[in-house]
Amino acid sequence: MGRGGAIIPPDVCIFMQHGCVERSLGLTEGCLRHCILMYVLLISGKSKEAEIKRINKELANIRSKFKGDKALDGYSKKKYVCKLLFIFLLGHDIDFGHMEAVNLLSSNRYTEKQIGYLFISVLVNSNSELIRLINNAIKNDLASRNPTFMGLALHCIANVGSREMAEAFAGEIPKILVAGDTMDSVKQSAALCLLRLYRTSPDLVPMGDWTSRVVHLLNDQHLGVVTAATSLITTLAQKNPEEFKTSVSLAVSRLSRIVTSASTDLQDYTYYFVPAPWLSVKLLRLLQCYPPPEDPAVRGRLTECLETILNKAQEPPKSKKVQHSNAKNAVLFEAISLIIHHDSEPNLLVRACNQLGQFLQHRETNLRYLALESMCTLASSEFSHEAVKTHIETVINALKTERDVSVRQRAVDLLYAMCDRSNAQQIVAEMLNYLETADYSIREEIVLKVAILAEKYAVDYTWYVDTILNLIRIAGDYVSEEVWYRVIQIVINRDDVQGYAAKTVFEALQAPACHENLVKVGGYILGEFGNLIAGDPRSSPLIQFNLLHSKFHLCSVPTRALLLSTYIKFVNLFPEIKTTIQDVLRSDSQLKNADVELQQRAVEYLRLSTIASTDILATVLEEMPPFPERESSILAKLKKKKGPGTVTDLEEIKKERSSDMNGSAEPASVNASAVSTPSPSADLLGLGAAPLTNSAPPPSSSGSLLVDVFSDSASAVAPLAPGSDDNFARFVCKNNGVLFENQLLQIGLKSEFRQNLGRMFIFYGNKTSTQFLNFTPTVICSDDLQPSLNLQTKPVDPTVDGGAQVQQVVNIECVSDFMEAPILNIQFRYGGTFQNLSVKLPITLNKFFQPTEMSSQDFFQRWKQLSNPKQEVQNIFKAKHPMDAEITKAKIIGFGSALLEEVDPNPANFVGAGIIHTKTTQIGCLLRLEPNLQAQVSVSVSTA
Amino acid sequence: MINAVLVFNNHGKPRLVRFYQHLAEEVQQQLIRETFHLVLKRDEHICNFLECGSLFGGADYKLIYRHYATLYFVFCVDSSESELGILDLIQVFVETLDKCFENVCELDLIFHMDKVHYVLQEVVIGGMVLETNMNEIVAQVEAQSKLEKAEGGLSAAPSRAVSAVKNINLPEIPRNINIGDINIKVPSLSQFM
């Protein structure tokens with residue numbers, strides 16, 4: 001176990017926390033705690049809960065230390081900041097300590113400053129509010145002339161790199177960088193710091209006098225400074241090539257000095273016998289920003305360098321260590337990249353290609369990988385394309401034998417890049433071979449590549465058709481729509497291949513199990529060109545049809561839809577099988593298919609085949625016209641797949657998805673009347689009546705504006721008819737039915753509600769054989785109710801014949817929430833007697849309830865939010881009847897709320913949710929019904 | 001540009017994490033986990049480079065990693081860096097750690113997290129390579145240590161504590177100690193030399 005075996009076991013930890021051994025070890029308490037914390041965090045990694053608990057405790061402790069009255073000494077601050085960093089490392093968010101860290105920045109002690117800067121570079125968000133304070137501290141340190149402090153400050157700017165920092169320091173840093181008296185290490189940091197700021201906010205780093213002096217840093221004595229400056233210049237030169245043009249000759253001469261030096265000349269910068277490999281790589285990168293040098297002397301010198309690097313590759317290694325060959329080859333690969341970039345010296349290109357060819361068979365996987373990658377770019381050069389092609393066997397072999405998927409992927413890329421008319425058949429065949437065993441992660445890409453190559457280099461389109469059908473056979477799941485659309489486009493556009501395509505798909509469809517994509521292609525092609533092979537008795541029209549139809553029931557809806565179109569095309573192509581096809585279309589499984597699209601197609605095609613004349617059929621079902629020529633959509637798809645935009649696309653898709661989900665979370669606007677089910681008559685709950693309608697105050701005639709004052713009788717409104725209350729309660733959960741009935745009169749209701757609006761039809765039936773005279777129904781709202789509920793009634797005919805029924809419409813608008821129900825008062829003369837009766841009209845708030853579906857989590861989260869006593873009503877009551885779950889569910893739905901299943905952890909409970917729509921507002925309303933064994937029921941309703 | 005420097009052990013526990021672009025803490029942890037799973041399922045002795053798809057925000061990024069005993073060192077870089085160069089850089093970083101800690105092991109990364117950050121800071125700042133010369137890096141780190149000591153040895157205390165704790169003679173502790181519970185393997189990183 002090594003020396004780590006002495007780490008403290010748990011028992012000792014406890015031991016120490018009790019303070020027994022501290023003294024004997026001569027440790028301060030703080031140090032020990034520090035160690036113990038770290039250790040406890042380590043071992044507690046086994047249980048996430050334990051770790052979180054432990055860490056929260058520690059965080060609370062540190063927080064109290066920071067907040068405490070006692071000023072912490074520097075060491076404690078350092079210790080706690082260190083602990084916070086460790087806790088952050090373990091994946092816990094740190095939301096405090098920033099201020100303490102900022103305070104540490106202004107300390108004069110190096111150790112405190114250092115830990116402060118560390119905390120800030122690791123934890124501070126670049127748009128933190130503290131950035132102003134941090135910038136102040138940095139400003140002081142930059143001005144301190146103390147190289148160590150300046151270094152810390154520059155590192156911090158480079159690491160955070162925010163725009164505010166760029167605004168504050170982009171002007172200052174170039175001065176530090178080119179000042180004569182700046183220390184080398186500070187120059188290095190300053191160069192990279194400027195580079196970082198340029199990357200984040202290029203507009204804030206203006207070019208100026210300093211640029212030419214930066215270029216001359218390429219001549220600096222200190223190779224570290226040269227390396228940093230090269231990085232900076234490379235990035236700046238990409239955007240401002242003119243400004244940094246002079247760097248080319250300086251870089252070439254610097255490179256030349258390194259490459260030709262004896263390995264000992266550069267002392268420390270020689271890495272495993274390779275002189276300054278890192279700087280060489282950077283210089284070669286810089287040169288890739290520019291075309292080949294125009295000055296023949298510079299150009300000659302560069303060529304010499306590149307040749308030397310290529311030569312060195314052939315020399316025996318100076319060390320067997322992998323570091324030696326790595327460093328050497330890092331330079332070599334960069335040199336080859338530069339040669340490929342210049343693409344002007346055929347001699348160098350061929351040598352580069354040969355060198356890469358050697359690497360293709362190297363035992364180091366890394367080199368094989370890089371060689372394949374570099375050769376990809378080399379393949380596009382006209383000078384070396386042929387040379388690259390000579391390695392085809394090696395690359396194919398790599399595809400078959402490499403153990404590493406990254407390398408195989410590179411081999412596929414290279415085969416794709418080196419493919420041309422001469423080797424396309426071989427490469428496509430090899431790729432198809434490989435596809436059978438390829439990693440799932442790269443199959444789709446290979447399919448796209450094969451499809452593109454097959455189309456691009458097809459001399460003979462029968463080969464193209466074979467290749468695509470093979471693709472579908474081998475990797476049908478990875479064949480995207482673009483691929484099979486494309487093959488159909490090509491077959492339709494080229495009449496020389498149509499007969500062959502029909503024959504080939506027909507044969508391919510013979511396989512007992514074939515991919516659905518093949519059925520699609522087969523269906524389409526036979527539908528267009530099945531007649532071309534119908535002469536052969538082995539593929540007669542009926543056989544073609546039966547073959548396709550044997551796949552029909554295994555396919556998804558879109559494919560079935562496509563096949564139905566094929567069938568109607570067959571009706572035109574092969575009139576002899578028309579009746580067979582009509583029989584199929586006429587079958588119940590088609591005409592009564594649950595899928596609307598399929599049903600519609602079956603109905604329409606059947607009708608079309610029956611009524612249309614042959615001429616009309618031939619016109620309607622004519623062969624598809626050629627598609628307009630356009631760029632393959634497959635190519636676009638491959639570009640998209642490989643392109644840098646992949647992520648944004650993904651993000652967009654994600655966004656769309658989430659917005660979709662938001663959309664569907666909206667309450668579905670279901671017609672309330674559709675939801676309301678005729679509820680079983682057992683009124684087991686009295687549900688809703690309790691919270692929603694308190695006993696209605698006795699309506700007074702004087703308060704009612706709607707009372708017909710001109711009535712010839714005393715316009716006193718009758719007290720509520722006996723029994724009407726019971727009936728009223730029944731209508732809480734339903735909308736239609738008989739509201740009232742006595743010897744003379746029956747009142748029926750039909751109503752529907754949508755959002756905050758409703759319409760009620762009231763039917764007055766005269767049960768007698770005598771006319772009702774002066775029949776005057778009036779809807780009365782009390783003073784309290786009137787502002788909340790808008791009711792409009794149309795007058796009815798004052799005479800109701802014996803046995804007749806009259807109808808009255810009430811338009812309802814819910815303005816705001818309300819408690820009472822309106823009263824329907826009816827006065828009429830029957831025989832010689834004046835009749836006056838009143839019933840409550842069942843317009844209750846829950847009629848404006850729209851159901852809302854929500855998840856369990858949402859439900860309880862919202863439930864908890866509605867904790868205000870005014871927002872919650874609970875009612876516990878004894879059930880009058882035994883509870884039946886189905887009846888209760890129907891009640892809840894009838895009540896207007898959505899019935900949420902599997903939301904409440906207790907399956908016996910019922911949960912509902914909905915939104916009450918009024919003109920002025922919408923009120924979310926949640927409901928829980930908790931029956932218990934004693935048949936006591938508690939209903940809680942929460943509203944927002 | 002280097003996008004991130006990640007060090008985690010064979011169980012995926014992060015030991016050093018440095019992102020050079022600002023990412024929310026959850027995203028960081030997510031990236032660490034996914035990177036770990038990508039790297040873990042790879043055999044030894046195969047390629048040290050690996051495409052990470054859209055993990056770090058585009059096909060332009062690659063993971064370049066080395067596995068030392070119990071620790072994975074993973075650098076996430078864009079195409080402007082040389083793959084072999086970064087591989088060397090990881091080696092330089094580890095060798096430097098080894099020099100600074102005298103046979104560095106996983107525990108050093110935990111107990112001296114601050115110092116590990118300082119060493120990294122001498123190699124990479126803001127995602128760019130600052131220094132590749134090991135002697136130069138070690139010299140810088142040593143100069144820092146000197147400064148720390150000069151400031152009263154306070155900062156030296158934790159390392160004294162660690163070494164004291166490490167030197168506890170276990171058999172002398174009169175308790176029933178169950179070492180079998182501890183599943184931390186302490187690596188010696190000296191094998192790469």
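Here is a short walk through three spots in chain A: a pair of packed helices, a histidine in a loop, and a covered helix. Keep in mind that this is a predicted model.

Start with the helix pair. H17 of chain A covers residues 296–314, and H18 of chain A covers residues 322–342. Their axes sit 10 Å apart, and the two pack at an angle of about 135°. That makes H17(A) and H18(A) oblique to each other, because angles over 145 degrees would be needed to call them roughly antiparallel. As for handedness, H17(A) passes H18(A) in a left-handed crossing. From the H17(A) side, the contact is made by Leu302(A), Leu306(A), Ile309(A), Leu310(A), Lys312(A) and Ala313(A). H18(A) answers with Lys328(A), Val331(A), Leu332(A), Ala335(A), Ile336(A), Leu338(A), Ile339(A) and His342(A). Sorted by class, that's 11 nonpolar, 1 polar and 2 charged residues.

Next, look for His222(A), in the loop between helix H13 (210–215) and helix H14 (223–239) of chain A. Is this loop residue buried or exposed? His222(A) has a relative accessibility of 14%, so it counts as buried, the cut-off being under 20%. Leaving out residues up to four places away in sequence, His222(A) touches Asp184(A), Gln188(A) and Tyr269(A), plus Glu131(B) and Glu136(B) from chain B.

Last stop: helix H16 of chain A, residues 277–287. How many of its residues are buried? The count is 11 of 11. Among them are Pro277(A), Trp278(A) and Val281(A), and the buried set also includes Lys282(A) and Arg285(A).

Key. Residues are numbered from 1 along each chain as its sequence is written. Chains are lettered from A and ligands numbered from 1 in the order in which they are written. This is a predicted model: local features need pLDDT of at least 70, side-chain atom pairs count only at pLDDT 80 or more; totals for chains, interfaces and linings use all residues. Side-chain values use heavy atoms; hydrogens and water are left out. Axes are lines fitted to C-alpha atoms, for helices over the stretch in contact, and angles run from 0 to 180 degrees between N-to-C directions. Helices (H or I, at least four residues) and strands (E, at least two) are DSSP runs, numbered from the N terminus. Angles under 35 degrees count as roughly parallel, over 145 as roughly antiparallel, 65 to 115 as roughly perpendicular and the rest as oblique. A crossing is left-handed if the near helix is turned anticlockwise from the far one by less than a right angle, and right-handed if clockwise. Contact means heavy atoms within 4.5 Å. Ala, Val, Leu, Ile, Met, Phe, Trp, Tyr, Cys and Pro count as nonpolar, Asp, Glu, Lys and Arg as charged, and the others, Gly among them, as polar. Buried means under 20% relative accessible area, exposed over 50%, partly exposed in between (1.4 Å probe, protein chains only).
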